[in-house]
Amino acid sequence: MLNEKEKIGQSIDTVLEVKPGIKGLWQVSGRSDIDFHSRVELDVWYIRNWNIWMDQVILLKTVKTVLVRDGAS
């Protein structure tokens with residue numbers, strides 16, 4: 001975990017502002033196909049632009065991602 005904090009860099013304060021959830025934007029945007037830096041960028045974008053409608057979209061994309069195993073290793 002300490003290694004990830006260092007890799008997150010300057011975005012660490014933003015990422016730590018919110019409690020982790022069970023699903024996120026990066027999980028429905030490629031999962032294992034996304035590198036760590038891109039995952040952090042998606043998390044920061046989500047935190048800064050959150051709204052209830054985005055969560056609805058993520059929920060719907062979750063169903064699709066699970067059914068077609070999109071981005072699964």
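Trainee: What comes right after α4, and what is its phi like?
Mentor: R69 follows α4, and its phi is positive, near 55°. Helices here are DSSP runs of H or I with at least four residues, numbered from the N terminus. This is a predicted model: local features need pLDDT of at least 70, side-chain atom pairs count only at pLDDT 80 or more, and totals for chains, interfaces and linings use all residues. Residues are numbered from 1 along each chain as its sequence is written, and side-chain values use heavy atoms, with hydrogens and water left out.

Trainee: And the other end of α4? Which residue caps the N-terminal end?
Mentor: N51 does. One of its side-chain oxygens lies 2.9 Å from the backbone nitrogen of W53.

Trainee: Why does the span of α4 agree with its 17 residues?
Mentor: The expected span is 1.5 Å times one less than the number of residues. For α4 that should be 24 Å, and the end C-alpha atoms are 25 Å apart, so the two agree.

Trainee: Which residues of α4 are buried?
Mentor: M54, I58, T62 and T65. Buried means under 20% relative accessible area, exposed over 50%, and partly exposed in between (1.4 Å probe, protein chains only).

Trainee: Where do they sit around the axis?
Mentor: They are on the same side of α4, because they cover an arc of only 90°. The arc is taken from the directions from the helix axis to the C-beta atoms. An α-helix has 3.6 residues a turn, so residues three or four places apart point the same way.

Trainee: What do the buried ones pack against?
Mentor: They pack against α3, residues 36-49. Contact means heavy atoms within 4.5 Å. The face turned away carries exposed residues, including W53, L59 and V68.

Trainee: Is V63 in α4 buried, exposed or partly exposed, and why?
Mentor: V63 counts as partly exposed, because its relative accessibility is 47%.

Trainee: New topic. Which residues make up the largest nonpolar core?
Mentor: I8, I12, V15, F36, V40 and V44, six residues in all. α3 gives the largest share, three residues. Such a core is a set of buried Ala, Val, Leu, Ile, Met, Phe, Trp, Tyr and Cys residues joined through side-chain atoms within 4.5 Å.

Trainee: Last one. Where is Q27?
Mentor: In the loop between α2 and α3. Q27 is buried, with a relative accessible area of 17%. A polar atom of its side chain lies 2.7 Å from the backbone nitrogen of G24.

Methods:
Helix = DSSP H or I, 4+ residues; strand = E, 2+ residues; numbered from the N terminus. Polar contact = N/O pair within 3.5 Å; in protein donor to acceptor, adjacent residues only side chain to side chain.
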